[in-house]
Amino acid sequence: MVINVGPQHPSTHGVLRLILTLDGEQIVACEPVIGYLHRGLEKMMERRPYRHNIPFTDRLDYLAALSNNLGICQCIERLGGVEVPERAQYIRVLLMELQRIASHLVFLGTFGTDLGATTMFLYAFREREMVLDLLEECTGARLTYNWVRVGGVPDDLPEGFGQKVLDFAKLFRQRIEEYDMLLTRNRIFRSRTQGVGVLPKETALAYGCSGPVARASGIPYDIRKVAPYEVYDRVEFDVPVFEDGDVWARYLVRMEELRQSLRIIEQVLRDMPDGPVQTKLPKIFKPPAGIAYSRVESPRGELSFMMVSDGSPNPVRVHIRAPSFVNLSVLPRLLEGAKVADLVAILGSIDVVLGEIDR
Amino acid sequence: MIEAITQFFKQYPLLWTFVKAVVLASFTLVIPLAVIYVERKIAGFIQSRLGPLHVGPQGAFQTAADALKLLLKEDIVPEGADKRFFYLAPYIAFISTVLCFMVLPFAPGWVALEMNVAVLFIIGVSLFNVVSILMAGWSSNNKYSLLGGLRAVAQLLSYEIPMVLSVLAVVFYTGSLSLTGIIEYQVKHGWNIWHPPIMIAALIYFICALAEINRTPFDLPEAESELVSGFNTEYSGMRFAFFFASEFANNFFITAFAAALFFGGWDGPVLPPIVWTFLKVFVMIFVFMWVRWTPPRLRIDQILRFAWQLLVPISLANLLFAIALGVR
Amino acid sequence: MNQAIENLLQRFGEAVIEWTQVSPNEVRLTVSASHWRDIAQYLHDDPLWQMDYPADLTVWDTGNEFGVYLRLWSSVYNHNVVVLTSISREEARIASLATLYPGVDWHEREMYDMYGVIFEGHPNLKRILLPDDWEGFPFRKDYVAEPSGNPLHGPQPVN
């Protein structure tokens, strides 16, 4: 039996379509069909000056828009050799980690809903609302922030922002305990996730999986550690790595990352120096000819921008290596022999965002 | 006045039964409104939100408004559907629920059809529900509905067995197949729930009841996130309302049945019997909803394994236990 | 790293047109397209390289030729390698790495989709983001975006 999951389906988290071949409730083959959200962003970026492209990146991974902003800005900075003031680097790290918490909370909520625990959704979104309120106070937007600039950030943090973030961090530690009680210690939740959708380490490497998917399979691949950017080499944090490679491990990685993000936030707020937040740049920005790439650990994995410049104000080529795009390509392997009910658990645990898959 | 009306109907027993049936059918249609409202409020409480708020005081008329909307919606039949079965399925689901209510005693003498094999009757007619789900899933000509229908049949049939075995434990223990008889036994000897074999039976009944009314963690047949609500995906308007109503009426019935079997039915001090029945039912409905909004959903193979490897053997042993204790 | 680079240069000689060590753990190679697959295979297998992680693959159009960019990472040594090459626009063909690195499968399909580069030996080279009946390759610099060329149509039924 061939069954068509999506493009309109409550569990595909966007307009993803999977053509499943079933034998009863067993999945025999799976073919993902993507491109329903294709906007040709990379081509659009070729027609615009470098810095005009930042708002486009908000529309890639719309759950972690700040990571995308940072990715493209870093790429342009490397291409043009732009220095970023220290305070701006600290602010960037602070915002990135807040963004990571917000993004992982969406994962938690939707993952719970996929498995039938609808209450988790509302609990997770209650806290996400607080993060979004914080980010709104700083950037003025709640989803498409457009807040990182080439050579820094547009403005300093608002007054009293640090204290609010610390208050949130204190409260959020207790809330993580609540999630543990609701999901992590639930026998049914464990039996739905443990041993399901196992991704062996070799497969994860060969497919180029990154982010929590890779770390759940035993690959300690975190750009923040492997190739530290901004001030990640000055803060202390652990990278959770699990060996099992199943849905359960991917869930645990993200839960642990929530705690580690809080650790980073507290250290960053403690160490943040005073100073300017932006470097002065010429009105018309012309980087020298060449190729540059940047790597950012977005909540979904390795987000990489690659730019080719020929010395003119517009880039010749902008390429976006979207973590979800690569992580999704391993899905057919994960689904071989799985049950239909496992489909939503496995797909949910990869945590794809169709905006960056289709670009 | 009331005496005169009853006297009049007593002369025509057929007409009298008909009137009672109509009253119960309307009851079956109205009670879901209350149950759904309660469910929404409880869900809101558990999920730290408010639930319906604007239609009527505290949103009390929200479900009535929703029902009205469903009545006014277009009745869509998918192309390629098996029309006869597609039309028939919701009504069979509804009728099986109404039939169950026919033999349920709400208070002493408040029973539409006094039947000395009421327990067997209920077990029999409630199985029509399974038939209607299979009919709906099959006739919709939709693969998701079919999967939902098949899952429903596998699950409901598997859980029917331990459920019936645990009900039979009560029957053997009290020595009566009539619900009124079972309740009267409990009025004399204390509630069944306090007797060891029935305690286990009640626990098994509780688990099976969750499965029978398709509640999380057993809500696979209509798994929202996998099967897009399963067997009733293709239904709209009035037909969907019938499915929905019969599901929530079933929810009410299965708890009322449990109240009669385990908690002494109308038995209770001070308050009038009918109030006690409803009180027990709504306390149990609250527990059901509490469970529904907390854990995630199980997988079909896990559910079936649980039923056949755990519930069936335990309930069988428990049945023998009850027979041994019940024989006097 | 130095020993590894030396071995590579010795092994492939002229095929490595240019190389620069960007940082202690990153090297950038420009190679000839005819040795594309061999060099990738070598980087993957050689015990001093062990580039087992395909990080990225893409193509760009300068207007005169296509550039191809491949980025690899070694989970053993934490080394990065960027391999660059160029192919002609008229005869846009290059060996596929999809059987070597399954992770570049979708990248190659996307590049075929957008630039029309034929990856020889790819197991399933067809359009991925655009509809199967799309005319032309939209990321080429000479592509003319003309709505009439690719009219919109509804979804196609499956079985």
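Reader: Which residue of chain A meets Lys126(C) in a salt bridge?

Author: Happy to start there, with the note that this is a predicted model. The rule asks for a side-chain nitrogen of Lys or Arg within 4 Å of a carboxyl oxygen of Asp or Glu. The side chain of Lys126(C) has its N to O distance at 3.2 Å, and the partner is Glu31(A).

Reader: How many salt bridges does the rule find across the interface of chain C and chain A?

Author: The pair of Lys126(C) and Glu31(A) is a salt bridge between these chains. Side chains of opposite charge can pair when their charged atoms come close. Polar contacts between chain C and chain A come to 21 residue pairs, with both residues at pLDDT 80 or more. For salt bridges across this interface, the count is 4.

Reader: Which element gives the most to the side of chain C that touches chain A?

Author: Good one to follow on the model. Elements giving two or more residues to this side are strand 2 (26-31), strand 3 (53-61), strand 4 (65-73), strand 5 (80-88) and helix 3 (105-115) of chain C. By class, the side has 22 nonpolar, 9 polar and 10 charged residues. With 9 residues, the element that gives the most is strand 3 of chain C.

Reader: What is the area buried between chain C and chain A?

Author: The contact involves 41 residues of chain C and 40 residues of chain A. Carbon and sulfur atoms give 59% of the buried area. The area itself is about 3,400 Å².

Reader: In what order do the elements of chain C run from the N terminus on?

Author: Chain C holds 3 helices and 7 strands. Its C-alpha trace spans about 55 × 35 × 25 Å along the principal axes. Read from the N terminus on, the order is α-β-β-α-β-β-β-β-α-β.

Reader: Turning to chain A and chain B, which residue of chain A forms a salt bridge with Arg299(B)?

Author: The area buried between these two chains is about 2,500 Å², and carbon and sulfur atoms give 58% of it. The count between chain A and chain B is 1 salt bridge. Its closest N and O atoms are 3.0 Å apart, and the partner of Arg299(B) is Asp342(A).

Reader: Which element gives the largest share of the side of chain A that touches chain B?

Author: This contact takes 35 residues from chain A and 24 residues from chain B, with 10 residue pairs in polar contact, both at pLDDT 80 or more. Among the elements giving two or more residues to the chain A side are helix 4 (86-114), helix 5 (118-139) and helix 14 (340-350) of chain A. The largest share is 5 residues, and it comes from helix 5 of chain A.

Reader: How many residues apart in sequence are the parts that Arg126(A) and Glu178(A) tie together?

Author: Over all chains, the rule counts 46 salt bridges. One of them joins the side chains of Arg126(A) and Glu178(A), at 3.1 Å from N to O. Arg126(A) lies in helix 5 and Glu178(A) in helix 6 of chain A, so the tied parts are apart in sequence by 52 residues.

Reader: At what angle do helix 1 and helix 2 of chain B pack?

Author: Helix 1 spans residues 2-11 and helix 2 residues 13-46 of chain B, with their axes 5 Å apart. The packing makes helix 1 of chain B oblique to helix 2 of chain B. Residues of helix 1 including Phe8(B) and Phe9(B) meet residues of helix 2 including Leu15(B) and Trp16(B). The angle is about 120°.

Conventions. Residues numbered from 1 in each chain as written. Chains lettered and ligands numbered in written order. Predicted model: local features only at pLDDT ≥ 70, side-chain atom pairs only at ≥ 80, totals over all residues. Heavy atoms only, no water. Axes fitted to C-alpha atoms, helices over the stretch in contact; angles between N-to-C directions. Helix = DSSP H or I, 4+ residues; strand = E, 2+ residues; numbered from the N terminus. Parallel < 35°, antiparallel > 145°, perpendicular 65-115°, else oblique. Contact = heavy atoms within 4.5 Å. Buried area = accessible area lost by both parts, 1.4 Å probe. Polar contact = N/O pair within 3.5 Å; in protein donor to acceptor, adjacent residues only side chain to side chain. Nonpolar A, V, L, I, M, F, W, Y, C, P; charged D, E, K, R; others polar.
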